[in-house]
Amino acid sequence: MDRELYGREAVFQDSGLAARLTGLAPEGFARTAYEHGDDPPVTVFTGGRGMGKTVLLKQLRNAYKGATPLALLDCAHIEPPADHGPGWNPLTGALAELAGQLAPRGFASAPVEFPRLSLGLVAVASTSWSREDEERARHDLQRLGPVLASVDAAKGAGATWVTKVLSKLAANFAEATAPMAGLLAEATVETVLEEVFGRSQRRSESWYGNYRNAGGRGKIGLQYLANDFEQGGRRRQEAESFLVGALVEDLYRAYTGLLRAGARRGRPVLLLDNAHVPLGRRLIEPILRDRAAGRRDRVVVFATSRVREHEGMRRATRLRLPETARLAPCPRGTDITSGILAVELTPLSPAHAQSAFDRHDPAGRTPADLARGVHRLAGGRPLGVTLLSRAAGEAPAELRSSLTPGALLDLTVELREDTPPVPVAPTLLEELLPGEPHGRLAVLAAAHDETSARLLAHTRLPGESPDGDMALEVRDRLRAEGWPTSPEHFVADPLLRALLLHRLRFEDGETYATWRAVHETLHQHYDQESGLPHRLHHELALGRTGQAVTHLRVTFPRPDVEGWLGRLRFIASAPYPRTRDRTGGGGGERTGSRDRADSRDRSGSRDRTAPDPRRAVALGQLPPDRLPAGLDSEATELHLRLRRLLHAVWLLTDPLALPDEEVTEKLAHELRQLSGRHLTGNRPLWDAATHWPTDIRAWRELSLPPSREDGV
């Protein structure tokens with residue numbers, strides 16, 4: 001799914017990071033001064049899933065394609081060819097793919113030849129051949145045709161050279177049944193030099209004279225390279241590093257020499273997605289080692305990594321993306337990884353989210369605060385912002401004016417014109433957690449910590465984790481993917497948690513059986529004393545608010561008012577038991593022990609655009625069916641006030657809902673009234689009446705103590 005790009009001006013502006021590294025502005029390709037001279041860093045963009053790393057590399061490809069030699073490779077998805085020989089592995093396959101993309105002529109760039117890389121790949125392709133391997137050998141050689149075509153388009157793409165290689169091997173080694181990598185490589189290379197390379201190109205063989213123990217003899221170096229590749233282990237790593245060097249050397253020679261000096265503009269560009277996987281390190285580290293040893297090349301490397309603290313970036317210079325807009329210093333130290341500039345991709349701003357909504361809803365038919373609400377839910381994660389803004393723009397006309405972030409998750413969105421629309425929530429979840437067992441994770445998303453997650457795993461998912469502790473297994477997988485942690489939620493990221501809870505809520509259709517079972521399990525897990533706030537949290541998730549209001553009323557007179565406010569905030573952070581038959585949601589206290597909302601008005605008709613029921617309770621427009629027995633008039637007044645306050649906090653802090661100004665004013669009023677009746681804790685309540693509405697209007701978490709601007 002290709003997405004729009006927002007908030008990445010530091011890379012793409014005319015004097016931005018890309019221009020200063022490539023020497024070309026992305027638009028118009030005007031020459032730009034090189035910031036790092038002849039020693040550019042390897043630039044690695046870091047960020048979790050959905051932060052736009054792949055989109056950024058694709059935009060770099062689109063910006064520079066044709067203006068300079070360029071290749072884009074996903075290091076995590078190198079597909080092995082059918083029936084390949086031992087001379088193919090992910091690295092040799094990646095090098096062939098990179099060369100094939102870099103070689104062609106662009107509208108503003110000359111073609112690039114890869115004679116050194118061709119010889120090296122041909123040499124290692126011949127390893128372990130025997131007389132029984134002729135057909136496999138033919139396929140192995142033919143797969144190298146695109147690389148050899150960069151040396152001679154006609155001869156390299158033809159089949160003549162392959163036939164002659166096989167004939168020579170048959171003549172010289174017809175009786176060979178054991179691998180003879182060095183001799184096979186020599187015979188193969190000789191034939192390729194004769195059949196494909198021109199006279200001047202044959203001199204490129206001498207470059208392999210620099211290989212270990214070759215003593216300046218290119219043919220010997222190629223034999224040793226093939227032997228080392230076949231041996232595996234550390235020797236193969238050395239051979240692979242030399243092959244990476246061959247690619248870089250061919251690119252360097254394309255930019256030097258009497259005929260080439262000044263004829264090319266800018267620098268060649270390698271774009272390596274998912275470079276945190278082992279293949280990425282095998283491609284990048286040889287370049288870093290050579291540069292640390294003093295060799296200079298003309299290659300600009302942009303890579304991405306989901307793992308911020310990767311061992312391969314242990315001494316990298318680290319900057320946040322906005323800090324690179326004008327300068328991106330990267331001083332080189334003694335460690336080879338000091339040649340890496342690690343650029344952390346930052347979340348989108350609210351203004352960027354609004355730009356996305358303006359693009360997909362130019363008429364502004366959705367609620368004015370919807371873009372800001374989506375930004376809060378997504379945490380500025382570009383994937384969430386762009387997908388949800390697109391869903392808003394495609395929503396049915398009768399729903400647009402009452403959309404909420406939660407309602408967007410229930411819609412479908414068209415990602416491609418030639419495919420049918422797909423459901424928003426499952427699509428977004430698969431993008432953020434590809435290939436994971438979402439059903440299991442949805443159950444654990446209701447947990448607060450490892451202990452409660454382990455409880456849910458044992459009670460709700462028995463037998464689904466044969467390898468051991470499922471809670472720890474899932475925790476480690478989330479951490480490995482770069483997801484944040486929190487003491488209050490087992491799944492800390494608000495967007496990921498909301499998507500998993502959406503799956504949990506609706507996977508049983510209208511029965512909500514799994515949702516109820518999970519929250520009942522957690523409700524029973526916590527005791528009536530220290531665990532009471534957690535019990536009440538899950539009571540709300542089940543649509544039952546009576547006990548929470550009673551608890552708040554009983555504990556209100558106690559002197560620890562800040563603790564009381566903290567419990568109010570935590571209890572009201574419960575996920576709301578929404579239904580899909582309305583944009584606002586469902587659930588509520590009026591249903592008693594049932595957790596499904598009664599979304600019918602008093603005449604019995606269903607209203608798909610009705611406001612969230614919590615709003616009516618918060619504003620005092622929906623009285624309870626019954627009150628606890630034994631309350632006098634003063635206690636009844638306090639109970640009703642706290643009921644209104646609880647529903648106001650529940651609604652205003654719900655990331656799937658939108659703040660409501662009338663409810664915000666009501667919240668402030670209720671807190672001021674409570675301040676006046678508390679004997680000792682009037683100040684924290686008064687401060688909450690002042691600062692909590694400010695927090696809500698600033699889209700911040702409710703602060704504790706209420707005077708803190710950053711919240712806790």
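Reader: Is A397 buried or exposed in this structure?

Author: In this predicted model, A397 has its place in helix α17, which spans residues 397-400. Its relative accessible area is 60%, and exposed means over 50%, so A397 counts as exposed.

Reader: How far apart are the C-alpha atoms of A397 and R365?

Author: Along the chain, A397 and R365 are 32 residues apart. In space, the separation of their C-alpha atoms is 8.4 Å.

Reader: In what order do the six strands of the open sheet lie, and which are the edge strands?

Author: The six strands pair in the parallel sense, and their order is β2-β3-β4-β1-β6-β5. Neighbouring strands are turned against each other by 20° on average, with direction ignored. Two strands pair on one side only, and these edge strands are β2 (70-74) and β5 (317-320).

Reader: Which residue of β3 is the bridge partner of L73, and how is the edge strand β2 placed with respect to burial?

Author: Four of the five residues of β2 are buried, so this strand is largely enclosed by the rest of the structure. β2 and β3 run parallel and are paired over five bridges. Within that pairing, the partner of L73 is L272.

Reader: At the other edge, which residue of β6 stands opposite L319?

Author: β5 is joined to strand β6, residues 340-344, by four bridges, and the two strands run parallel. The residue of β6 that stands opposite L319 is V343.

Reader: Which residues of β4 point one way and which the other way?

Author: In a regular strand the side chains alternate between the two faces of the sheet. Six of the six residues of β4 are buried, so the strand is largely enclosed by the rest of the structure. On one side point V300, F302 and T304, and on the other V301, A303 and S305.

Reader: Which residues stand opposite F302 in β4?

Author: β4 is joined to β1 by four bridges in a parallel arrangement, and β3 also pairs with β4 in the parallel sense over four bridges. Opposite F302 stand T43 and L271.

Reader: At what angle does helix α13 run to β1?

Author: Helix α13, residues 278-292, lies across β1, β2, β3, β4 and β6. Relative to β1 (42-46), the helix runs at about 140°.

Reader: Why is helix α25 described as largely enclosed, and what covers its buried residues?

Author: Helix α25 covers residues 532-541, and nine of its 10 residues are buried, so it is largely enclosed by the rest of the structure. Among the buried residues are R535, H537, H538 and E539, alongside others such as L536 and L540. After the helix comes G543, whose phi is positive, near 85°. The cover over the buried residues includes α24 (513-525), α26, α27 (561-571) and α29.

Reader: How are the helices α26 and α29 oriented to each other?

Author: The axes of α26 (residues 546-555) and α29 (residues 633-652) come within 9 Å and cross at roughly 120°. An angle of that kind falls outside the 65 to 115 range of roughly perpendicular and is not over 145, so the two helices are oblique. The crossing of α26 past α29 is right-handed.

Reader: How many nonpolar, polar and charged residues does the contact of α26 with α29 have?

Author: From α26, the residues A548, V549, T550, L552 and R553 take part, and they meet A635, L638, H639, L642, R643 and L646 in α29. By class, the contact has seven nonpolar, two polar and two charged residues.

Methods
Residues are numbered from 1 along each chain as its sequence is written. This is a predicted model: local features need pLDDT of at least 70, side-chain atom pairs count only at pLDDT 80 or more; totals for chains, interfaces and linings use all residues. Side-chain values use heavy atoms; hydrogens and water are left out. Axes are lines fitted to C-alpha atoms, for helices over the stretch in contact, and angles run from 0 to 180 degrees between N-to-C directions. Angles under 35 degrees count as roughly parallel, over 145 as roughly antiparallel, 65 to 115 as roughly perpendicular and the rest as oblique. A crossing is left-handed if the near helix is turned anticlockwise from the far one by less than a right angle, and right-handed if clockwise. Contact means heavy atoms within 4.5 Å. Ala, Val, Leu, Ile, Met, Phe, Trp, Tyr, Cys and Pro count as nonpolar, Asp, Glu, Lys and Arg as charged, and the others, Gly among them, as polar. Two strands pair if DSSP finds at least two bridges between them. Buried means under 20% relative accessible area, exposed over 50%, partly exposed in between (1.4 Å probe, protein chains only).
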